[in-house]
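User: I am new to this structure and would love a close look at one part of it. Could you pick a strand and walk me through its surroundings?

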Amino acid sequence: MTVIFFAKQGKDCSLAPMKESLPPITFEFQKGFTQKFRQAFGIGIDFSMFEEAELSKDGEANVYPLAVKAEATLDSQSGAEDGNAASGSTNSQITQAVFEKDKSEYHVRVVKQIL
């Protein structure tokens, strides 16, 4: 799982960070279902660094304030039952979102998803 702030969508659904001060953050999970995510303290975005309008821009110039890319790779040992799965093949989902402020709290609104 990779979190990218101010991500620009390119060809073939690639994502590139547009702010050098906010590099992508990648989290790895063990194989299996019911995974839980807990973000460590100090990781994320300081909203005070940005104008509210910048955080809520809806895909202007293909840049989204928040993008989350989830990737699952099929390892060579598990394979598919029918034998058609390619070793090391990857499935991914990209969720692109904006931040919305309600009173004093920010919330995430999903704008677009790509599978």
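Analyst: Here is a guided look at strand E1 and what lies around it.

This is a predicted model, in which local features need pLDDT of at least 70, side-chain atom pairs count only at pLDDT 80 or more, and totals for chains, interfaces and linings use all residues. Residues are numbered from 1 along each chain as its sequence is written, and side-chain values use heavy atoms, with hydrogens and water left out.

Let us begin with the pairing. Strand E1 covers residues 2–9 and runs antiparallel to strand E4, residues 63–73, with 6 bridges between them. Strands here are DSSP runs of E with at least two residues, numbered from the N terminus, and two of them pair if DSSP finds at least two bridges between them. Within this pairing, Ile4 stands opposite Ala67 of E4. E4 is also joined to strand E5 (residues 90–102), again antiparallel, by 8 bridges. There, Leu66 faces Ala97 of E5.

Now to Thr2, which belongs to E1. Thr2 is buried, at a relative accessible area of 15%; buried means under 20%, exposed over 50% and partly exposed in between, with a 1.4 Å probe and protein chains only. Its side chain makes a polar contact of 3.1 Å with that of Thr26. Such a contact is a pair of N or O atoms within 3.5 Å; within protein, one must be able to donate a hydrogen and the other to accept it, and residues adjacent in sequence count only if both atoms are side-chain atoms. Leaving out residues up to four places away in sequence, Thr2 touches Pro24, Ile25, Thr26, Ala67, Val68 and Lys69, where contact means heavy atoms within 4.5 Å.

Further along E1 comes Phe6, which is buried with a relative accessible area of 3%. Its phi is near 55°, a positive value in a residue other than glycine. Most residues other than glycine have a negative phi.

Phe6 also takes us to the largest nonpolar core, which has 13 residues; Phe5, Phe6, Leu22, Ile45, Phe50, Leu55 and Leu66 touch the most other members. E1, E4 and E5 are the elements giving two or more residues to this core, and E1 gives the largest share, 3 residues. A nonpolar core is a set of buried Ala, Val, Leu, Ile, Met, Phe, Trp, Tyr and Cys residues joined through side-chain atoms within 4.5 Å. Beyond neighbours within four places in sequence, Ile45 is in contact with Phe5, Phe6, Leu22, Phe50 and Leu55. Apart from this core lies another, of 6 residues, including Ile4 and Ala67.

Technical notes: Helices (H or I, at least four residues) and strands (E, at least two) are DSSP runs, numbered from the N terminus.
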